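Good morning, and thank you for coming. I shall present one structure today, beginning with a single chain and ending with the two DNA strands. Please look at the sequence and the structure before we start.

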Protein chains: 2
Amino acid sequence: MEISSKNQSFVYHFGEMGSKWGFNRTVGQMYALLVISEKPLTANQLASALSISRGNVSMGVKELQSWQLIQLSHVPGDRKEYYSAIGSVWDMANTVFEERRKREVDPTLSLLRSLLLEGPSDDTEVYAQNKMQDIHDLLEMITQWAAELQRLSPEQLSTLMKLGAGVSKMLSVKEQLFSKKKDPK
Amino acid sequence: MEISSKNQSFVYHFGEMGSKWGFNRTVGQMYALLVISEKPLTANQLASALSISRGNVSMGVKELQSWQLIQLSHVPGDRKEYYSAIGSVWDMANTVFEERRKREVDPTLSLLRSLLLEGPSDDTEVYAQNKMQDIHDLLEMITQWAAELQRLSPEQLSTLMKLGAGVSKMLSVKEQLFSKKKDPK
DNA sequence: TTAAACTTTCAGAAATTACTGAAAGTTCAA
DNA sequence: TTGAACTTTCAGTAATTTCTGAAAGTTTAA
């Protein structure tokens with residue numbers, strides 16, 4: 001199977017990007033190709049389109065499945081497996097964030113918690129533990145926030161976006177109200 | 001220079017994480033160590049603390065400088081250079097996001113724009129270009145949104161966070177108002 | 001100017017990661 | 001039950017990335 005030259009550029013570019021996002025180059029390429037293909041592709045089509053070995057495709061597919069990014073299907077009277085990308089672009093982004101959270105952020109939070117629980121055992125550790133606490137708090141905040149955003153549809157998100165600088169204005173109003181309530185002098 | 005065992009765990013863990021975030025292991029370790037060190041460290045201290053070569057430290061420092069993550073300083077009567085991490089934890093996170101945006105998202109957007117500008121040259125490209133457009137739009141939205149958030153202080157962000165599920169409620173109210181205005185039947 | 005005290009560079013070596021292809025495994029129709 | 005049509009596995013190899021250490025470069029004090 002050959003790919004058109006524009007689609008090639010796309011696929012190769014996302015191969016490079018993939019390698020900065022937790023996949024290797026060929027897995028990135030495989031996924032990119034599935035994303036822009038209207039119909040599901042077979043393993044052999046992937047292998048020939050990307051000039052990689054059949055074995056490599058098999059490993060890549062396994063990896064993409066572990067990220068929950070692709071779907072299997074079959075056509076009647078054909079024993080081959082057909083692969084396609086799951087969901088909208090927004091879903092894909094969410095899935096990748098979610099998966100990376102599980103693989104990277106969660107273990108980090110749990111390490112930080114356990115180190116902080118022990119407490120500083122000498123002077124050099126006091127400063128260090130403060131920083132660890134900051135990192136912990138920031139990561140926790142980001143994860144919660146991300147969970148919040150993921151619940152929004154892209155349309156809602158885009159509305160929120162268009163609020164634009166309004167978000168910070170809204171916040172400052174809220175803060176003023178809040179401080180007045182608490183400290184009405 | 002030796003590191004305490006808890007600080008070791010931290011440094012090694014962030015070495016591993018670093019390698020998933022665009023640095024290599026030792027660069028991640030160097031940065032982690034600088035972050036939890038109260039006082040600036042010399043290149044030799046970094047090398048001995050992490051058991052890596054002096055040359056490696058030199059390259060790592062260069063890399064961290066290109067990410068704008070560390071700062072140089074000097075002590076009077078000493079010709080060595082002293083390195084320390086720049087800014088708060090929130091600043092660090094912003095810097096890393098910002099730098100990755102420049103290195104990854106921007107080139108991707110520009111590739112997508114140029115492919116989309118050419119337009120589809122055959123049937124298989126029509127579907128592909130739709131997907132590319134979706135990815136383009138999503139990336140653009142995320143970048144703008146991120147820029148918006150970066151302008152907020154961590155305190156403001158945390159206020160926004162505490163709004164929690166409120167954000168989506170607020171949005172649905174806004175949407176209802178908006179749709180009534182536009183289509184009052 | 002010299003030389004001591006430092007930093008950077010970079011060729012080659014080491015470590016890590018990715019890929020191939022042949023063999024083993026699975027499934028199913030006949 | 002056999003074998004054709006497929007998929008998976010994995011040992012060995014290839015490609016890539018990272019690291020070392022020696023040499024070259026820079027700066028400053030005397």
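Chain A contains eight helices and three strands. Please keep in mind that what you see is a predicted model. Read from the N terminus, the order of elements in chain A is α-α-β-α-α-β-β-α-α-α-α. Chain A has 185 residues, and 46% of them are buried. Consider next the contacts in chain A with a separation of 6 or more: 53% of these are between residues 24 or more positions apart.

I now turn to chain B and its sheet. In what order do the three strands of the open sheet in chain B lie? The order is β1-β3-β2, and the pairing is antiparallel. The strands β1 (41-42) and β2 (70-73) of chain B are at the edges, each with a single partner strand, so each has one side without a neighbour in the sheet.

Let us examine the pairings one at a time. Strand β3 of chain B covers residues 82-85, and four bridges join β2(B) to this strand in the antiparallel sense. Within this pairing, B:S73 has B:Y82 as its bridge partner, while B:I70 is matched with B:A85. Between β1(B) and β3(B) there are two bridges, again antiparallel. Here B:T42 stands opposite B:Y82. The residue B:Y82 therefore appears in both pairings, with B:S73 as a bridge partner and with B:T42 opposite, as the order β1-β3-β2 lets us see. Helix α2 (residues 25-36) of chain B packs on this sheet and touches β1, β2 and β3 of chain B. The direction of helix α2(B) makes about 85 degrees with that of β3(B).

Are the two faces of β3(B) covered or open? Both are covered. On one side B:Y82 and B:S84 are buried, and on the other side B:Y83 and B:A85 are buried. A general point helps in reading this pattern: in a regular strand, side chains alternate between the two faces of the sheet.

Two helices of chain B also deserve attention. The first topic is helix α3 (residues 43-50) of chain B, where B:A43, B:L46, B:A47, B:A49 and B:L50 are buried. Against which elements do the buried residues of α3(B) pack? They pack against α1 (5-19), α2, β1, α4 and β3 of chain B. Just after α3(B), B:S51 adopts a positive phi of about 50 degrees.

The other topic is helix α6 (residues 123-150) of chain B, which includes B:H136. Why does B:H136 count as buried? Its relative accessibility is 8%, and buried means under 20%. Leaving aside residues up to four places away in sequence, B:H136 touches B:L109, B:L112, B:R113 and B:L116.

We come now to the DNA, starting with strand C. There are 17 residues around DNA strand C, and those that come nearest are A:T26, A:S53, A:R79, B:R54 and B:S58. Of the atoms of DNA strand C that come within 4 Å of the protein, 64% belong to sugar and phosphate. Some individual atom pairs illustrate this surface. A polar side-chain atom of A:N56 is 3.2 Å from a phosphate oxygen of DNA strand C, and a polar side-chain atom of B:R54 is 2.5 Å from a phosphate oxygen of that strand. A base is involved as well: an N or O atom in the side chain of A:R79 lies 2.3 Å from a base oxygen of DNA strand C. The elements giving two or more residues to the surface near DNA strand C are α4 of chain A and α4 of chain B. It is α4(B) that gives the most, with five residues. By class, this surface has three nonpolar, seven polar and seven charged residues.

DNA strand D is the last subject. Which residues are closest to DNA strand D? Of the 18 residues that surround this strand, the closest are A:R54, A:S58, B:T26, B:S53 and B:R79. Sugar and phosphate make up 64% of the atoms of DNA strand D that come within 4 Å of the protein. Phosphate oxygens of DNA strand D lie 3.2 Å from a polar side-chain atom of A:K80, 3.3 Å from a polar backbone atom of A:E81, and 3.2 Å from an N or O atom in the side chain of B:N56. The elements that give two or more residues to the surface near DNA strand D are α4 (54-66) of chain A and α4 (54-66) of chain B. The largest share, five residues, comes from α4(A). This surface comprises three nonpolar, eight polar and seven charged residues.

That concludes my presentation, and I thank you for your attention.

How values were computed: Residues numbered from 1 in each chain as written. Chains lettered and ligands numbered in written order. Predicted model: local features only at pLDDT ≥ 70, side-chain atom pairs only at ≥ 80, totals over all residues. Heavy atoms only, no water. Near = heavy atom within 4 Å. Polar contact = N/O pair within 3.5 Å; in protein donor to acceptor, adjacent residues only side chain to side chain. Nonpolar A, V, L, I, M, F, W, Y, C, P; charged D, E, K, R; others polar. Pairing = 2+ DSSP bridges. Contact = heavy atoms within 4.5 Å. Axes fitted to C-alpha atoms, helices over the stretch in contact; angles between N-to-C directions. Buried < 20%, exposed > 50% of the residue type's maximum accessible area, 1.4 Å probe, protein only.
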